[in-house]
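Me: I would like to learn how to read a model such as this one, feature by feature. Could you take me through it, beginning with the helices?

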Amino acid sequence: MEVDDTPDMLDISVPRYLPMSQETLKTFSAMVSAREDNLGRIDSILRSIKQDIDKYVEFIIGENMFENIGYTRDFMIVNLQSLERILISKYELENWKAIAFEIRNNLNQQIPEDPATLSNLQQYHDANDETLNEFIRRRVDEMKNSPEKDKNIREYVNKNDLYQLLKNMAFVIEKPTDPLPEEQDDDDVAMAGGVISLKDPMSLHTFKEPVKSKKCDHVFEKSVIEEYLRNEIKTCPVAGCEGRLAKFDLRSDDLMLLRVKVFEAKQQADDFEIETI
Amino acid sequence: MSLAKTRLQEERKLWRKDHPFGFFAKPEKSADGSLDLTNWRAGIPGRKDTIWEEGIYPITINFPNDYPSKPPKVKFPENFYHPNVYPSGTVCLSILNEEQDWRPAITIKDIVLGVQELLSDPNPDSPAQEPAWKAFAKDKELYTRKVKEQAKRYQNYNA
């Protein structure tokens, strides 16, 4: 006797795709948090590097420690290299965190899903959904193999303030009156004959306590510009600049101070050389 | 020392170190023989290939106490022939006007170069005297003749 409607043999093997159990989700979340702690640790390392550098710069500027400019440059370069490595790890961790966030969001949207039972097992066999592992692997691979990866990392490192400052300082130690590479086409930088002016544009004296306007990037001697502005908002003293400035737009400009100190030290060294010839 | 004074000392140092070709500028002497940094005398050469080229034109530059917050006053001799110079000799130039384009970072070098440019390139929108202004606007031939005559008078002006 033939029975036409005999169901196929039930496939009770574990399907490729299964809904996540609450347990797995919890483990996953814990893992993400642990990675996030690493990010926090990186940030605190970055803060302490910044403090070290600030202290060092304060020291070399305050004590006029420029007999050995080569040492100062090496200090900057070594720090620059470790900073770069740390920033790359931070970049990768942040990317990982973004992926984890995406995954958690995806999972949250899927829940609740019916747990797999014998009666709905076939449904899971038929489903062609991406498993969590596959999803993570795909996103991580995408990140690692992205043709933009190197460019993105460079951009990420370059836009870090501390990295910028350190890079600029290393540059200024070599060439105290040269414009920074990114400033070379900038009309707002006070230059004459391709050289950065180390003088306050109002008193024409060499900077002692330079401050930079965050409105227009022009640099002034603190006491002179403060006397000029008093408690008013005034137009920037530089000819042709329409920036409107008040005292609170001024920030101390350590890079300019470093330029002045290095320039003076190099001049002294040159004078000494001339005298000994 | 006041900002005006220290700034003017630096201006003098800078000028002595380097200044545009054909120009001169220096502080006047006071009665007691010391330098009066607030009053300068300068010579502006007319630009080459213009009707002004033969002369070196004298100006005085007077710096107020609150220089460089306030601009200096620049004067040619009385009745100087130029559309933007008042009969008193005062120069009408936007970079010398506090309400217009004066900025404390403008140096003596910028000023004398600005005045030189004004000589051969008058501003038709700010008349300061009748004769030169009228001639410049309506009778270029007369204007040219008058300017050249004046250039001859200032041919040998120097420090």
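Reply: This is a predicted model, and a good place to begin is a pair of helices, for which one reads the angle between the axes together with their separation. In chain B, helix H1 (residues 3-17) and helix H2 (residues 108-120) pack at an angle of about 65°, and their axes lie 10 Å apart. Since angles of 65 to 115 degrees count as roughly perpendicular, H1(B) and H2(B) are therefore described as roughly perpendicular to each other.

Me: Which residues make the contact between H1(B) and H2(B), and how do they divide into nonpolar, polar and charged?

Reply: On the side of H1(B) the contact is made by B:Leu8, B:Glu11 and B:Trp15, and on the side of H2(B) by B:Ile108, B:Lys109 and B:Val112. Of these residues four are nonpolar and two are charged, while no polar residue takes part.

Me: How should I read the sheet of chain B, and which strands stand at its edges?

Reply: One reads the order of the strands, then the sense of their pairing, and then the edges. Here four strands form an open sheet in the order E1-E2-E3-E4 of chain B, with antiparallel pairing. Strand E1 (24-29) and strand E4 (73-75) of chain B are the edge strands, each having a single partner strand, so one side of each is left without a neighbour in the sheet. From one strand to the next the twist averages 30°. Helix H1(B) packs on this sheet, where H1(B) touches E1 and strand E2 (35-45) of chain B, and the direction of H1(B) makes about 40° with that of E2(B).

Me: How many bridges join E1(B) and E2(B), and what should I look for in the hairpin?

Reply: E1(B) and E2(B) pair in the antiparallel sense over six bridges, and B:Lys29 stands opposite B:Leu35 in E2(B). Their hairpin has five residues between the strands, and in that hairpin B:Gly33 takes a positive phi near 90°. At the other edge, strand E3 (residues 56-62) of chain B pairs with E4(B) in the antiparallel sense over three bridges, and B:Thr60 has B:Lys75 of E4(B) as its bridge partner.

Me: What is the order of the strands in the three-stranded sheet of chain A?

Reply: The same reading applies: this open sheet has the order E4-E3-E7 in chain A, with antiparallel pairing. Strand E4 (219-221) and strand E7 (250-252) of chain A are the edge strands, each pairing on one side only. Neighbouring strands are turned by 40° against each other on average, direction ignored. Strand E3 (residues 210-213) of chain A pairs with E4(A) over three bridges in the antiparallel sense, with A:Val211 opposite A:Phe220 in E4(A). Helix H7 (residues 222-229) of chain A packs on the sheet and touches E3, E4 and E7 of chain A, its direction making about 90° with that of E4(A).

Me: Turning to a single residue, where is B:Cys92 found, and is B:Cys92 buried or partly exposed?

Reply: B:Cys92 is found in the loop between E4 and H2 of chain B, and with a relative accessibility of 22% B:Cys92 counts as partly exposed. Leaving aside neighbours within four places in sequence, B:Cys92 is in contact with B:Asn84, B:Tyr86, B:Leu118 and B:Ser126.

Me: Finally, how many residues of each chain are in contact between chain A and chain B?

Reply: The contact involves 16 residues of chain A and 13 residues of chain B. The area buried between the chains is about 1100 Å², and carbon and sulfur atoms give 63% of that area. In chain A, the residues that lose the most area to chain B are A:Met202, A:Leu204 and A:His205, together 41% of what that side buries.

Notes:
Residues are numbered from 1 along each chain as its sequence is written. Chains are lettered from A and ligands numbered from 1 in the order in which they are written. This is a predicted model: local features need pLDDT of at least 70, side-chain atom pairs count only at pLDDT 80 or more; totals for chains, interfaces and linings use all residues. Side-chain values use heavy atoms; hydrogens and water are left out. Axes are lines fitted to C-alpha atoms, for helices over the stretch in contact, and angles run from 0 to 180 degrees between N-to-C directions. Helices (H or I, at least four residues) and strands (E, at least two) are DSSP runs, numbered from the N terminus. Angles under 35 degrees count as roughly parallel, over 145 as roughly antiparallel, 65 to 115 as roughly perpendicular and the rest as oblique. Contact means heavy atoms within 4.5 Å. Ala, Val, Leu, Ile, Met, Phe, Trp, Tyr, Cys and Pro count as nonpolar, Asp, Glu, Lys and Arg as charged, and the others, Gly among them, as polar. Two strands pair if DSSP finds at least two bridges between them. Buried means under 20% relative accessible area, exposed over 50%, partly exposed in between (1.4 Å probe, protein chains only). Buried area is the accessible area (1.4 Å probe) that two parts lose on being put together, summed over both.
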